[in-house]
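I opened my notebook to work through one structure, a bit at a time. Here is what I looked up, in the order I looked.

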Amino acid sequence: MNPNNSDTFMGHPKGLFLLFSTEMMERFSYYGMRAILVLFLVSVTQDQQAAALLTDPNYQAGIPGLGWTQADALSLYGTYTGLVYITPLIGGWLADNFLGQRKSVLFGGILMAIGQFLLFAPLEVLALSTTASLYLGLAFLIAGNGLFKPNISTMVGDLYEEGDHRRDGAFTIFYMGINIGAFLSGILVGAVVVYTGDYKYGFLMSGIAMVLSVVLQKLFANKYLGNIGIEAAAKKALAENKGKKQTLTAIEVDRIKVILVLGLFVIIFWAGFEQAGGLMNLYANDYTDRMIGSFEVPVAWFQSLNPFFIITCAPIVSMIWIKMGPKEPTSPVKFAMALLMLAIGFVFMIFATLEQGGDLTVKTSMYWLVGAYFFHTMGELCLSPIGLSMITKLAPLRLASLMMGAWFGFQAIASKVAGMIGAQIGAVGPMAIFGGIAIAAVISSLILFFSAHKLIYWMHGAEGQVISKEDTTNQKPATATA
């Protein structure tokens, strides 16, 4: 049973709002943990604080952590986020061939909940040291995310028949769910950490949110999703084809080429964007004046700026696309716009470093960070939900979860690159990093903009526009309904 025609809310299947809620709680869990992970790693230990107090009675003790160097913390952060986005390749393959999407989401959610609780209570669980529990907890989060992430997104697309005009709008709604969870997590987790003076309670909140995500999916999936996601797609396709494996058609090959080409530009975008949880997080902590009167804004709250802008601006951006009608940019052009927005965001960070005048003891205005996050968010709105929707349009149904995993795989590469770039701050300084990312983003944007026509031809009408082979000699970027 496909419930989209019989049980709707706001013009969409009710199953969309179940997936919205499931993903919202999972993203609360992920982003809540991400907001404090690097800070937890670099904050000095209790023993180091005690030693500092002996030599300096005026020493201001902070929330204790593991006392890692910034370079080591950012390197681990890059490795973690990279693996978070590469394991969906494995999770998508397992779902397509063995588990089905529904079981994958449930199993993945359970593993992620275990991971968060390992970070919360290392000594109480298996009597592990804090460092050992950190690595084990991250391993559970990585494995669980691999099962959860590609399959929850693919099920959104499965709610709609091919050609259903509601699909792009559905992914915009779904993406708002992601960012409501991310917005609330930065504020609530940051507040709890400040109030309790202990990072572990932030991990506890993230674990509780993950449990709620699993419970929602378990209780309501049968009612609102029907048979969607129960049977493994590749296994079903094999049975329908009487045991004969299907080869890719020429059109399917072209469409997969589009995914792979755009994926290269996605790496560049996310390598810059992912500085938010690492380098920009540390910049907010070390070099930013966070005082509003007598109140000091918690560092983790800056992680809520991006989802706040998503929630407030996504409906406006969606209406702009609709208002443009046939002049709406195609997906490749939107991706080029995203890279340009990323570059503008880092121009704000360049101005922040110029305000320091080379003196890293000078605190810069927090409004530079606000501006950077705003333009990065505008870029994200031109790329991330569009990309999710595009995969469900271009990927063969029997490979849907695998290709969604491949899409997140590009983010995996980007996340590792982001960590490597951020770790260079001590060697080259923030100006070189922010400026270098801005220049790379502008160049990439121009290349993609002038390649758009060819990519639209390879889509073979997936976005409502058909371009003949002869038309691809005209390299002027095409515009069409996305």
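**Entry 1: salt bridges**

I started with arginine 27, which is buried, with a relative accessible area of 2%. I kept in mind that this is a predicted model. Next I looked up glutamate 23, and it also counts as buried, at 2% relative accessibility. Arginine 27 and glutamate 23 form a salt bridge, and their closest N and O atoms are 4.0 Å apart. Where do the two sit relative to each other in helix α1? They are four residues apart in that helix (residues 14–42), so about one helical turn separates them. I noted the general idea beside this: side chains of opposite charge can pair when their charged atoms come close.

Then I searched the whole structure for salt bridges and got five. One of them joins glutamate 274 to arginine 34, with the closest N and O atoms 3.2 Å apart. Which parts does this pair tie together? Glutamate 274 lies in the loop between α9 and α10 (279–286), while arginine 34 is in helix α1, so the bridge links parts that are 240 residues apart in sequence. I checked burial here too, and both glutamate 274 and arginine 34 are buried.

I also looked up glutamate 296, which forms a salt bridge with arginine 290 at 3.3 Å between the closest N and O atoms. Are these two partners buried or partly exposed? Glutamate 296 has a relative accessible area of 44%, so I wrote it down as partly exposed. Arginine 290 has 10%, which means it is buried, since the cut-off for that is under 20%. Back at my starting pair, I found that salt bridges with shared partners join Glu23, Glu26 and Arg27 into one network.

**Entry 2: a patch on the surface**

I turned to the surface and found a nonpolar patch of about 490 Å². Its residues are Leu340, Ile344, Val442, Leu446, Phe449 and Phe450. The elements giving two or more residues to this patch are α12 (331–356) and α16 (430–459). Which element gives the most? I found that α16 does, with four residues.

I picked phenylalanine 450 for a second look, and it is found in helix α16. Its relative accessible area is 47%, so phenylalanine 450 is partly exposed.

**Entry 3: how helices cross**

Since I had just met α12, I looked at how α9 (residues 250–273) packs with it. I noted an angle of about 20°, with the two axes 10 Å apart. That makes α9 and α12 roughly parallel to each other, because angles under 35 degrees count that way. I added that α9 passes α12 in a left-handed crossing.

For a second pair I took helix α6 (residues 167–196) and helix α13 (residues 366–394). Their axes come within 9 Å and cross at roughly 130°. I therefore wrote down α6 and α13 as oblique to each other. In this pair, α6 passes α13 in a right-handed crossing.

**Entry 4: a last residue**

I ended with serine 133, which is found in helix α5 (residues 130–158). Is serine 133 buried or exposed? With a relative accessible area of 1%, it is buried. I then asked how far serine 133 is from proline 88. The two are 45 residues apart in sequence and 23 Å apart in space, C-alpha to C-alpha.

Note on methods: Residues numbered from 1 in each chain as written. Predicted model: local features only at pLDDT ≥ 70, side-chain atom pairs only at ≥ 80, totals over all residues. Heavy atoms only, no water. Patch = residues over 30% accessible without salt bridge, like charges linked within 9 Å, V, L, I, M, F, W, Y side chains within 5 Å. Areas by Shrake-Rupley, 256 points an atom, 1.4 Å probe, with all protein chains shown as cover. Salt bridge = Lys/Arg side-chain N within 4 Å of Asp/Glu carboxyl O. Buried < 20%, exposed > 50% of the residue type's maximum accessible area, 1.4 Å probe, protein only. Axes fitted to C-alpha atoms, helices over the stretch in contact; angles between N-to-C directions. Parallel < 35°, antiparallel > 145°, perpendicular 65-115°, else oblique. Left-handed = near helix turned anticlockwise from the far one by under 90°.
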